[in-house]
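Reader: Hello! I am new to this structure and would like a close look at one part of it. Could you pick a single stretch and walk me through how it sits in the rest?

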Amino acid sequence: MTSMLACFMPLQSIMTMDRAEFTRLAEPHRDVCRLVDLEGMSYKAAAAHLGCPVGTAMSRLHRARKQLRSALGAYAYANDRFGPPRRYTPPP
């Protein structure tokens, strides 16, 4: 299963780019992101490990990914990797 993080930037680049971005996440968000995206656990297994409902784990993961996307997009833009960060606009 491919992680969400690996879809937009190689995992090694994330970890070597700036570990501070990952550590800036709130602890509950960082924990679920580590379990699902870095260790490959399922949502259900991560929720059981953390002792929270699956929906809560999914919500935390969504917020963590959103924060990382924003930080990595700003990093890429500041270092001339890509154009300006874009907001997602759903199709009509």
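Author: Happy to. A word on terms before we start: helices are runs of at least four residues that DSSP assigns as H or I, and they are numbered from the N terminus. By that rule, helix H5 covers residues 43-50, and Tyr43 belongs to it. Please keep in mind that this is a predicted model.

Here is the setting. The chain has six helices and zero strands, so its pattern along the sequence reads α-α-α-α-α-α. Of the 92 residues in the chain, 28% are buried. The accessible surface comes to about 6,500 Å², and carbon and sulfur atoms account for 54% of it. Contacts also reach across the sequence: among those between residues at least 6 apart, 54% join residues at least 24 apart.

The part I would pick is helix H4, which spans residues 27-38. Its buried residues are His29, Asp31, Val32, Cys33, Leu35, Val36 and Asp37. A general point about helices is handy here: an α-helix has 3.6 residues a turn, so residues three or four places apart point the same way.

Let us begin with Val32, which is found in helix H4. Val32 has a relative accessible area of 1% and therefore counts as buried, the limit being under 20%. Leaving aside residues up to four places away in sequence, Val32 touches Asp37, Ala46, Leu50, Ala57, Arg60 and Leu61. His62 is 30 residues away from Val32 in sequence, yet their C-alpha atoms are 9.8 Å apart in space.

Val32 also has a place in the largest nonpolar core, a set of 13 residues in which Val32 and Cys33 have the most contacts. Helices H4, H5 and H6 (54-78) are the elements that each give two or more residues to this core.

Next comes Asp37, a charged residue of helix H4. What does its side chain meet? Asp37 and Arg65 form a salt bridge, with 2.7 Å from N to O. This pair links distant parts of the chain, since Asp37 is in helix H4 and Arg65 is in helix H6, 28 residues apart. Are the two partners buried or exposed? Asp37 is buried, with 6% relative accessible area, and Arg65 is buried too, at 14%.

The whole structure holds two salt bridges, and the other one pairs Arg34 with Glu39. Their closest N and O atoms are 2.8 Å apart. Arg34 has a relative accessible area of 30% and Glu39 has 48%; both values lie between 20% and 50%, so both residues are partly exposed.

Just after helix H4, Gly40 takes a positive phi of about 80°. Further along we come back to Tyr43, which lies in helix H5. With a relative accessible area of 32%, Tyr43 is partly exposed. Together with Val54 and Met58, Tyr43 makes a nonpolar surface patch of about 230 Å². Why can Tyr43 be part of such a patch? Patch residues need over 30% relative accessible area, and Tyr43 qualifies because its value is 32%.

To gather the picture: helix H4 supplies Val32 to the core, while its Asp37 is joined to Arg65 of helix H6. On the surface, Tyr43 of helix H5 shares a nonpolar patch with Val54 and Met58.

Notes:
Residues numbered from 1 in each chain as written. Predicted model: local features only at pLDDT ≥ 70, side-chain atom pairs only at ≥ 80, totals over all residues. Heavy atoms only, no water. Patch = residues over 30% accessible without salt bridge, like charges linked within 9 Å, V, L, I, M, F, W, Y side chains within 5 Å. Areas by Shrake-Rupley, 256 points an atom, 1.4 Å probe, with all protein chains shown as cover. Salt bridge = Lys/Arg side-chain N within 4 Å of Asp/Glu carboxyl O. Buried < 20%, exposed > 50% of the residue type's maximum accessible area, 1.4 Å probe, protein only. Core = buried A, V, L, I, M, F, W, Y, C linked by side-chain atoms within 4.5 Å. Contact = heavy atoms within 4.5 Å.
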